[in-house]
Structures are given as structure tokens and as C-alpha cells.
Amino acid sequence: IELPDEGLAVAYSSNGKWVAVGLLNHTVQMYFADTLKFYLSLYGHRLPVMAIDITTDSQMVASGSADKNVRLWSTQFGNCHRSLRAHDDSVMQVRFLPGTHYLATAGHWRRGQEQLFLSEERAKEMEEQFEQEVEREDVSGATGGPTEVVALRPSRRTIE
């Protein structure tokens with residue numbers, strides 16, 4: 001197949017009728033699988049198409065792009081059924097579940113300020129719980145007037 005631009009993703013229909021190619025020029029090109037002749041061009045993405053898949057009944061094409069969107073296309077006329085803002089970064093993979101029109105997508109995840117470490121979060125929760133227990137013991141174990149508080153165990157706050 002001679003492509004108008006660099007191909008980044010390819011999908012072959014299960015009925016053997018089409019080959020779909022996601023291109024660097026933001027389009028999806030569909031070709032007849034037997035003759036490799038051009039069939040449809042699917043326009044709509046604003047950045048390169050990174051992933052593509054065809055349903056097992058060959059009725060729909062899903063394309064995922066670096067523009068963070070997933071588009072669902074008809075194979076009959078090439079019209080776009082849906083455009084979905086799927087991820088906070090590039091869509092790296094789209095896959096229809098076999099025998100259905102259910103779609104799973106995967107997006108690119110960049111490590112940054114929002115990175116989550118479960119062990120650190122758990123340690124933080126335990127520390128907060130310990131601080132709350134110490135405060136309750138301080139108030140309930142008070143000797144003297146209502147304004148006097150005695151610490152039974154040292155906490156981070158009493159040490160600082």
C-alpha cells in the first residue's frame with residue numbers, strides 16, 4: 001500500500017474486507033484488503049492517529065489520537081458517530097471487546113506532580129490517625145482545670 005504519510009497504526013477487519021491505517025497526517029485511511037485499493041479517508045483528528053481497531057462485525061472503526069480523543073466511525077460511509085475526550089494525554093491504544101461494540105482505551109501517563117504512591121499515602125493516613133488519638137487522650141486525661149491539657153505520650157506536635 002502506498003500511503004500519503006507515515007503509518008502509525010494498522011488494523012485488519014475480521015471478515016477480511018478492510019485494512020485501516022492510522023496516519024501521521026491526522027487521518028485514518030481504509031483500503032480493500034483483497035486489492036489494497038483505497039476505500040475511505042476518515043478526517044477529524046487534530047493530531048496523529050496513534051491507535052486503531054475494527055469491530056468483529058466490521059461495522060465500526062475506533063481511532064485514538066495524540067489529540068486525547070477517541071472517535072467512532074462507520075465503515076459503511078465513513079461518518080463519525082462519536083468523538084469522545086478520552087484521556088488527559090495521548091490515546092495509545094483502542095480495542096473493541098470481541099463480539100461487541102464495547103471499547104477499551106489506554107492513554108499515555110506521564111509521571112509528574114500528580115503521581116501517587118500508595119505506601120506514602122498509607123503512612124500519612126496512619127500518622128494522622130495517631131495524631132488524632134494522641135489529641136483525644138490529651139483532653140480525656142487532663143488533670144486540673146478545663147484549660148489545662150497534659151500530654152500522656154509525646155507526639156510530633158509536642159516535640160516540635
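Helices and strands here are DSSP runs, numbered from the N terminus. With that in hand, let's walk through some close-ups of this predicted model.

**Figure 1. The whole chain, before we zoom in.** The protein chain has two helices and ten strands. If you read along the sequence, the order goes β-β-β-β-β-β-β-β-β-β-α-α. Of its 160 residues, 32% count as buried. Now take the contacts between residues at least 6 apart in sequence: 33% of them join residues at least 24 apart. The accessible surface adds up to about 10500 Å², and carbon and sulfur atoms account for 52% of that.

**Figure 2. S58, tucked into a loop.** Look for S58 in the loop between β5 (49-54) and β6 (60-65). Is S58 buried or exposed? It's buried, with a relative accessible area of just 1%; the cut-off for buried is under 20%, so S58 qualifies. Which residues does S58 touch, leaving aside its neighbours within four places in sequence? They are S13, S14, N15, W18 and T75. The backbone is worth a glance too: phi of S58 is near 60°, a positive value in a residue other than glycine.

**Figure 3. K68, another loop residue with a positive phi.** K68 sits in the loop between β6 and β7 (69-74). Its phi is about 75°, which is positive even though K68 is not a glycine. How much of K68 can be reached from outside? Its relative accessible area is 25%, so K68 goes down as partly exposed.

**Figure 4. D53 and R95, the salt bridge.** Some background helps here. Side chains of opposite charge can pair when their charged atoms come close. This structure holds one salt bridge, and the side chains that meet in it belong to D53 and R95, with 3.3 Å from N to O. Why does this pair tie together separate parts of the sequence? Because D53 lies in strand β5 while R95 lies in strand β9 (residues 91-96), and the parts they tie together are 42 residues apart in sequence. As for the partners themselves, D53 is buried at 9% relative accessible area, whereas R95 is partly exposed at 41%.

**Figure 5. E6, just ahead of the strands.** You'll find E6 in the segment before β1 (7-12). With 49% relative accessibility, E6 counts as partly exposed; the exposed label needs over 50%, so E6 doesn't get it. Setting aside neighbours within four places in sequence, E6 is in contact with G22, L23 and L24. Try finding N25 as well: how far is its C-alpha atom from that of E6? The two C-alpha atoms are separated by 7.7 Å, although the residues are 19 apart along the chain.

**Figure 6. A nonpolar patch on the surface.** Three residues make up this patch: I1, L3 and L36. Together they offer about 240 Å² of accessible area. To find L36, go to the loop between β3 (28-32) and β4 (38-42). L36 has a relative accessible area of 40%, so it is partly exposed.

Definitions and conventions:
Residues are numbered from 1 along each chain as its sequence is written. This is a predicted model: local features need pLDDT of at least 70, side-chain atom pairs count only at pLDDT 80 or more; totals for chains, interfaces and linings use all residues. Side-chain values use heavy atoms; hydrogens and water are left out. Helices (H or I, at least four residues) and strands (E, at least two) are DSSP runs, numbered from the N terminus. Buried means under 20% relative accessible area, exposed over 50%, partly exposed in between (1.4 Å probe, protein chains only). Contact means heavy atoms within 4.5 Å. A salt bridge is a side-chain nitrogen of Lys or Arg within 4 Å of a carboxyl oxygen of Asp or Glu. Patches are made of residues with over 30% relative accessible area and no salt bridge: like charges are joined within 9 Å, nonpolar side chains (Val, Leu, Ile, Met, Phe, Trp, Tyr) within 5 Å. Accessible areas come from the Shrake-Rupley method with a 1.4 Å probe; for residues, only the protein chains shown count as cover.
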